[in-house]
Amino acid sequence: MAKPKAPRRTLDSYTVKHINKAIKAGDCVLMRPSDPGKPSYVARVDRIESDGRGANVKVHVRWYYRPEESIGGRRQFHGSKEVFLSDHQDVQSADTIEAKCTVHSFKSYTKLDEVGNEDFFCRFEYNSTTGAFNPDRVAVYDAYCKCEMPYNPDDLMVQCEDCSDWFHPACIEMTVEEAKRLDHFFCEICSSEHQKKLQNSHTVAGEPDKKVDTKRRRR
């Protein structure tokens with residue numbers, strides 16, 4: 001007669017010896033992929049359990065998917081460190097944990113001074129069966145570019161000093177290199193308004209008109 005399996009017990013935390021880091025439920029981790037040629041898997045630890053002797057430690061995880069792993073694939077507005085919290089749950093050996101990582105909210109990620117190898121961000125939940133996202137659309141930038149493309153934090157954007165709207169360099173016929181060299185920037189609408197004000201002031205003062213760049217103005 002086979003011996004009954006000893007009940008497993010839930011652990012509050014567990015120290016992964018080969019990285020010398022303690023993990024607990026709610027932590028995010030990088031896990032060793034089955035294919036060495038692929039990047040580490042990103043997961044959120046939901047529960048940690050061991051056998052009755054405290055050995056054979058397993059982690060119950062919820063996987064984060066990268067955009068290229070989703071049904072729709074990677075799109076232009078997806079950031080290089082963007083991941084989606086999926087409904088795909090799994091149980092893995094704690095020995096496959098390679099490192100702890102941080103999955104930030106989108107807002108927190110955009111405020112980071114530096115992005116490290118263990119920094120990611122998430123703004124969607126993802127249904128791995130249907131390919132549906134929650135929310136089903138992403139907000140564009142707070143004061144968005146005229147193209148209305150959702151904000152990709154990897155892309156450089158320039159802000160108009162007058163209306164405070166943001167623009168992709170390509171959308172204002174500018175290269176990224178040119179945008180990086182800007183000291184000041186005024187969008188086309190604000191430049192036009194500024195030009196009208198200059199013309200009106202010149203007319204009153206009896207001065208000749210001056211041509212103002214309708215794309216941007218440097219000081």
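How many aromatic pairs does a search of the whole structure find?

## Aromatic pairs

In this predicted model, the search of the whole structure yields 11 aromatic pairs. One of them joins phenylalanine 84 and phenylalanine 124 in an edge-to-face arrangement, at 5.8 Å centre to centre and with 80° between the planes. Phenylalanine 84 belongs to strand β7 (residues 84-93), whereas phenylalanine 124 sits in the loop between β9 (119-122) and β10 (125-126), so the pair ties together parts that are 40 residues apart in sequence. Phenylalanine 84 is buried, at a relative accessible area of 0%, and phenylalanine 124 also counts as buried, at 6%.

A tilted pair is formed by tyrosine 109 and phenylalanine 121, with 4.6 Å centre to centre and 40° between the planes. This pair connects helix α1 (residues 106-110), which holds tyrosine 109, to strand β9, which holds phenylalanine 121. Relative accessibility is 5% for tyrosine 109 and 0% for phenylalanine 121.

## Aromatic cluster and pocket

Phe84 and Phe124 are also members of one aromatic cluster, together with Tyr65, Tyr126 and Phe133. Phe124 and Phe133 appear again in the lining of the second largest pocket, where other residues include Arg75, His78, Asp136 and Arg137. The volume of this pocket is about 200 Å³, and its lining comprises 5 nonpolar, 4 polar and 3 charged residues.

## Nonpolar cores

The largest nonpolar core contains 20 residues, of which Ile23, Val29, Met31, Ile48, Val59 and Ile97 touch the most other members. Strands β4 (28-31), β5 (41-50) and β6 (58-65) each provide at least two of its residues, and β6 contributes the most, with 4. Another core, of 14 residues, lies apart from it and includes Met157, Cys160, Ala179 and Cys187.

Terms used
Residues are numbered from 1 along each chain as its sequence is written. This is a predicted model: local features need pLDDT of at least 70, side-chain atom pairs count only at pLDDT 80 or more; totals for chains, interfaces and linings use all residues. Side-chain values use heavy atoms; hydrogens and water are left out. On a 1 Å grid over the protein atoms alone, a cavity is a set of points where a 1.4 Å probe fits but cannot get out, and a pocket is an open set with protein on both sides within 12 Å along at least five of seven lines; lining residues have an atom within 4 Å of a point. Grid points are joined across faces, edges and corners, and a volume is the space filled by probe spheres set on the points. Ala, Val, Leu, Ile, Met, Phe, Trp, Tyr, Cys and Pro count as nonpolar, Asp, Glu, Lys and Arg as charged, and the others, Gly among them, as polar. A nonpolar core is a set of buried Ala, Val, Leu, Ile, Met, Phe, Trp, Tyr and Cys residues joined through side-chain atoms within 4.5 Å. Buried means under 20% relative accessible area, exposed over 50%, partly exposed in between (1.4 Å probe, protein chains only). Rings of Phe, Tyr and Trp (its six-membered ring) pair if their centres lie within 6.5 Å; planes under 30 degrees apart count as stacked, over 60 as edge-to-face and the rest as tilted.
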